[in-house]
Amino acid sequence: MSAAAPYHLRLADTFLKVGRVAMFLVRTGSQCLPALRRPRLLIAQIYNAGARSLIIVMLCGLFVGMVLALQGYDLLQRFGSESALGVAAALGLVKELGPVITALLFAGRAGTSLASEIGLMRATDQLSAMEMMAVDPVRHVVVPRFLGGIIAVPLLTAIFDAIGIFGAQMIGVGLLGVESGSFWSQMQSAVTTADIREGLVKSLCFGAACSLMAVYEGFHAEPTAEGVGLATTRTVVSSAILTLLLDYMLTAAFLGS
Amino acid sequence: MTESTTPAAVAVDPIVDVRGVSYGVGGRMIFSGLDLQAQRGEITAVMGPSGTGKTTLLRLLMGAIAPASGRVAVFGEDISALDRRGLYALRRRVGMLFQNGALLTDLSVFENVAFPLREHTRLPEPLLRRLVLMKLQAVGLRGAAELNTAALSGGMARRVALARAIVMDPELLIYDEPFVGLDPISLGVILRLIQSLNATLGITSIVVTHDVDEISRVAHRSFLLAGGKVVATGSPAQLRATAAPVVNQFMNGLPDGPVPFHVPASDYREQLLGADW
């Protein structure tokens, strides 16, 4: 629908799309068990979505941790609490920045790749060929990529967190002079299992959301070069919005509980 | 007007039976009252100018779309009445060759041909390997088994797709524009394969094409589509002898006639010299 369409029609179109995505999720979910009988496909997709995103996730995790240390130190020293830098960095990364930034990186690196790959399969009749061979393309193409994303994002998040904490320690302890013992010991005593669980739940949800949007947009792409390009763009936009929306809802839910 | 040039066109044992089918998209009718039958063991050619709905007809036959009215029966089963499971069961008995081959680009030649067997059977690997190599041998590409699909020429890709289409030993084989974009050698190879598969394996074939000369050499019966229905049926020789203008135009490749060369437009002189321009 064009941007010039009346507001209420665009709103109705958005709700329709939400419904279509939900129905696609149900269709995908119903094929998850049969697809798990072919672990080879799933492992290949975890490699494609996860291992190939490793470098960018590690680099970004390092820089985010370093920036967090600089900003955190600047804030904490105003209250004479520089020794709490380790706690601040760890909690910020584990509960918030790790899951969110990893999901956004995943959407930009692996999500676009998934959407364009499936979109090109649509444009070159590969999905139709599967249908004609009595092979459900949702089971064979969509589900392994969807599950691969759900598994890969929490693993990438854990790596992002670890590298981020290393970056914060490098700047905080190595450059700004925070005492190493208090950096690590305060972190160890303040970060609880519940914090890690919160981060894990978030990363699982974000992984599911980003993977779903990527496979949905790719599967429903117009079978043209422009259509595949638009599907890729929509994947990034909708994944980012969905990730941040879910982040707010999950944070509110965890704080409420 | 249907120029029925052969009384034998009446179905005796039709594997595909299309009766009174109407189908339209976006308010434009593609078919209105289409009747067509493909007999068991024959090569049936479906011809017609571009845009007459030949590929749409294949989508109707495979149950990818449903007719607005009328009946499409394959192996005696009404396609529209089948649920997803029934449709998939029927499709296992049908092979389809896509216009561009539609090979799975992440798989090798061997794995492309093996794909339907891996999905639908639990054959032991040695037997599966032999079957795939036999099908590749039939299309002359056993030596290319380990190649990546990106390394194939257009003609080779079409032959791999043909090997994949016959690997489940289908009763019905559907070809969508199999000659498009092929050099004369590849075209001859595909033509010979269509004929030999039909003769040796007894496969019923439906070939959708607008290449009159090529298909005339192998087809037992031809249907010519125009204006949303069959305008002539019969053997290629009978179609050539038909006097109907639309049949004559198509069979002899005349640039203008009932199918106009020009898309309807406003007055040429006025558009070139008018004030708006």
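In the predicted model, no salt bridges are found across the interface of domain 1 of chain B and domain 2 of chain B, the count under the rule being 0. The two domains are nevertheless in contact, with 15 residues of domain 1 of chain B meeting 12 residues of domain 2 of chain B. The area buried between domain 1 of chain B and domain 2 of chain B amounts to about 1000 Å², and carbon and sulfur atoms give 71% of this area. In the division of chain B, domain 1 is made up of two segments, 3-93 and 171-238, whereas domain 2 covers 102-169. The C-alpha centres of domain 1 of chain B and domain 2 of chain B are separated by 25 Å. Chain B also contains a contact between a charge and a ring, in which the charged end of B:R93 is placed over the ring of B:F75, at 3.9 Å from the ring centre.

Turning to the aromatic side chains, a total of 3 aromatic pairs is obtained over all chains. One of the pairs joins A:F24 and A:Y216, and because the planes of these rings stand at 75°, with the ring centres 5.5 Å apart, the pair is classed as edge-to-face, the cut-off for this class being over 60 degrees. The pair connects distant parts of the chain, as A:F24 belongs to helix α1 (residues 7-30) of chain A and A:Y216 to helix α9 (residues 193-219) of chain A, the two positions being 192 residues apart. With a relative accessibility of 4%, A:F24 counts as buried, and A:Y216, with a relative accessibility of 5%, likewise counts as buried, since the cut-off for a buried residue is under 20%.

A further aromatic pair is formed by A:F183 and A:W184, which is also edge-to-face, with 5.1 Å from centre to centre and 80° between the planes. The two members of this pair are described by separate accessibility classes: A:F183 is buried, at 0% relative accessibility, whereas A:W184 is partly exposed, with a relative accessible area of 37%.

The residues A:F24 and A:Y216 are joined by A:F219 in one aromatic cluster. Within this cluster, A:F219 is also in a contact with a charged side chain, as A:R122 lies over the face of the A:F219 ring, at 4.8 Å from the ring centre.

Methods. Residues are numbered from 1 along each chain as its sequence is written. Chains are lettered from A and ligands numbered from 1 in the order in which they are written. This is a predicted model: local features need pLDDT of at least 70, side-chain atom pairs count only at pLDDT 80 or more; totals for chains, interfaces and linings use all residues. Side-chain values use heavy atoms; hydrogens and water are left out. Rings of Phe, Tyr and Trp (its six-membered ring) pair if their centres lie within 6.5 Å; planes under 30 degrees apart count as stacked, over 60 as edge-to-face and the rest as tilted. Helices (H or I, at least four residues) and strands (E, at least two) are DSSP runs, numbered from the N terminus. Buried means under 20% relative accessible area, exposed over 50%, partly exposed in between (1.4 Å probe, protein chains only). A charge sits over a ring if NZ of Lys or CZ of Arg is within 6 Å of the ring centre and within 35 degrees of the ring normal. Domain bounds come from an automatic or database domain assignment. Contact means heavy atoms within 4.5 Å. Buried area is the accessible area (1.4 Å probe) that two parts lose on being put together, summed over both. A salt bridge is a side-chain nitrogen of Lys or Arg within 4 Å of a carboxyl oxygen of Asp or Glu.
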